[in-house]
Amino acid sequence: MKFWKLGIALSLTAAFGLTACDESSSAEGSNIGVDDATYEKGKVACVVSSNSPYVQEMRMNDLRIKTTITLGNDGKVTEEIEHNQVIPQDTCDHYNLDPVYESVTCTDKKITAVNVGTMKAAEFEALANYLAQACEKSNGSNIPEAVKDPTDELLCNADNEGKEQAFAAVPGVSVVCKSGKWVPSKVECATDGDSKTIGEFKLTCKDKKWTLETAEACTNDEKKTVTLAIAEVSATCVDGTWQIDTPKAEEKTEAEGESATTEGEGAAAE
């Protein structure tokens, strides 16, 4: 059996989507535990015992993995992944090659990895809540035949180019993977005046669109770029406020443009 890489790419936090281990997870499996008395063979069992530090226990048949994620006083995030079986070398290599970690220590049954970035307490709390929801969602699902890295769905790479997913923390917001970066694709909001806080940034609903609330003055058409969780957000100053940019609807891929041209030529020929 392949070992599941349970280390979370914290600089690519799960804030923009929860990934279950398998789509067949269901509420009926929510009471499955990691202990022999409650564990159901062939199923994923996932239990969270603490949110600060975040402590999660997972079981897949004979494989048990305990993950502890701790926020230090300096804002550094440390992951400890303990297995009940010897960890294969390629799993250690995977962690060592992952650019989100600044240091990785691998022993026979334990991996300790320190993330390159830092987090504030509120951001860590939000992350722990997301991970707990993902754990609950995966609990009771069938063990996948080919176990995959649950962070793969969160990476903006060639495999996920053009993929769109909802931003769970803010209703009405979604992001799309574009040229290696997550960017907002929809920033709609329901009620003007509503507000949401993401890390150090505050979003306010204005004209049914989320805008960045800031004390700094800006001039019309001025632009700036900030990072909200995993997304790179471009904003334009409109009437003194920073409106979040989204890809223009008229933008087409090169292939789509060629297709439209061909169709137009065909119509002209007729």
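These exercises work through a predicted model of one protein, each with a solution in steps.

**Exercise 1. Overall make-up**

Task: State how many helices and strands the protein has, what share of its residues is buried, and how much surface it exposes.

Solution:
- Start with secondary structure. The protein has three helices and 15 strands.
- Turn to burial. Of the 270 residues, 41% are buried.
- Add the surface. About 14700 Å² is exposed, and carbon and sulfur atoms supply 48% of that area.
- Finish with contact range. Take contacts between residues at least 6 apart in sequence: 50% of them join residues at least 24 apart.

**Exercise 2. The six-stranded sheet**

Task: Give the strand order of the open sheet of six strands, and explain why β1 and β5 each have one side without a neighbour.

Solution:
- Write the order. It is β1-β2-β3-β4-β6-β5, and the pairing is antiparallel.
- Look at the ends of that order. β1 and β5 (101-106) are the edge strands; each has a single partner strand, so one side of each lacks a neighbour in the sheet.
- Add the twist. From one strand to the next it averages 15°.
- Place the helix. Helix α2 (residues 121-138) packs on this sheet and touches β1, β2, β3 and β4 (76-83). The direction of α2 makes about 155° with that of β1.
- Recall the principle. Strands of a sheet pair through backbone hydrogen bonds, in a parallel or an antiparallel sense.

**Exercise 3. From β1 to β3**

Task: Follow the chain from β1 through β2 to β3, and describe each pairing and each loop.

Solution:
- Take β1 (residues 44-51) and β2 (residues 54-60). They pair antiparallel over seven bridges. Valine 44 has methionine 60 of β2 as its bridge partner.
- Inspect the connection. β1 and β2 are joined by a hairpin of two residues. Proline 53 sits in this loop. The peptide bond from serine 52 to proline 53 is cis, with omega near 0°.
- Move on to β3 (residues 63-71). Seven bridges join it to β2, again in the antiparallel sense. Glutamate 57 stands opposite lysine 66 of β3.
- Inspect the second loop. Asparagine 61 lies between β2 and β3. Its phi is positive, about 55°, although it is not a glycine.
- Set both loops against the general rule. Most residues other than glycine have a negative phi, and most peptide bonds are trans.

**Exercise 4. Two residues, two environments**

Task: Decide whether serine 174 and alanine 126 are buried, partly exposed or exposed.

Solution:
- Locate serine 174. It belongs to strand β8 (residues 173-178).
- Apply the cut-off. Buried means under 20% relative accessible area. Serine 174 has 6%, so it is buried.
- List its surroundings. Leaving out residues up to four places away in sequence, serine 174 touches Glu164, Gln165, Ala166, Phe167, Val183, Pro184, Ser185 and Lys186.
- Locate alanine 126. It is in helix α2. With a relative accessible area of 27%, alanine 126 is partly exposed.
- Add a distance. Alanine 126 and asparagine 51 are 75 residues apart along the chain, with 9.8 Å between their C-alpha atoms.

**Exercise 5. Around β12, β14 and β15**

Task: Describe how β15 pairs with β12 and β14, and find the positive phi angles in the loops.

Solution:
- Begin with β12 (209-213). It pairs with β15 (residues 241-244) in the antiparallel sense over two bridges. Threonine 211 is partnered by glutamine 243.
- Take β14 (residues 231-238) next. Four bridges join it to β15, also antiparallel. Alanine 235 is partnered by isoleucine 244.
- Examine the turn. β14 and β15 make a hairpin with two residues between them. Aspartate 239 in the turn has a positive phi of about 55°.
- Examine the other loop. Aspartate 221 lies between β12 and β13 (223-228). Its phi is positive, about 75°, and it is not a glycine. Aspartate 221 is exposed, at 63% relative accessibility.

**Exercise 6. Aromatic rings**

Task: Count the aromatic pairs, then say which residue lies over the face of tyrosine 39.

Solution:
- Apply the pairing cut-off, ring centres within 6.5 Å. The count is zero aromatic pairs.
- Check the ring of tyrosine 39. Arginine 59 lies over its face, 4.2 Å from the ring centre.

Notes: Residues are numbered from 1 along each chain as its sequence is written. This is a predicted model: local features need pLDDT of at least 70, side-chain atom pairs count only at pLDDT 80 or more; totals for chains, interfaces and linings use all residues. Side-chain values use heavy atoms; hydrogens and water are left out. Buried means under 20% relative accessible area, exposed over 50%, partly exposed in between (1.4 Å probe, protein chains only). Contact means heavy atoms within 4.5 Å. Accessible areas come from the Shrake-Rupley method with a 1.4 Å probe; for residues, only the protein chains shown count as cover. Rings of Phe, Tyr and Trp (its six-membered ring) pair if their centres lie within 6.5 Å; planes under 30 degrees apart count as stacked, over 60 as edge-to-face and the rest as tilted. A charge sits over a ring if NZ of Lys or CZ of Arg is within 6 Å of the ring centre and within 35 degrees of the ring normal. Two strands pair if DSSP finds at least two bridges between them. Axes are lines fitted to C-alpha atoms, for helices over the stretch in contact, and angles run from 0 to 180 degrees between N-to-C directions.
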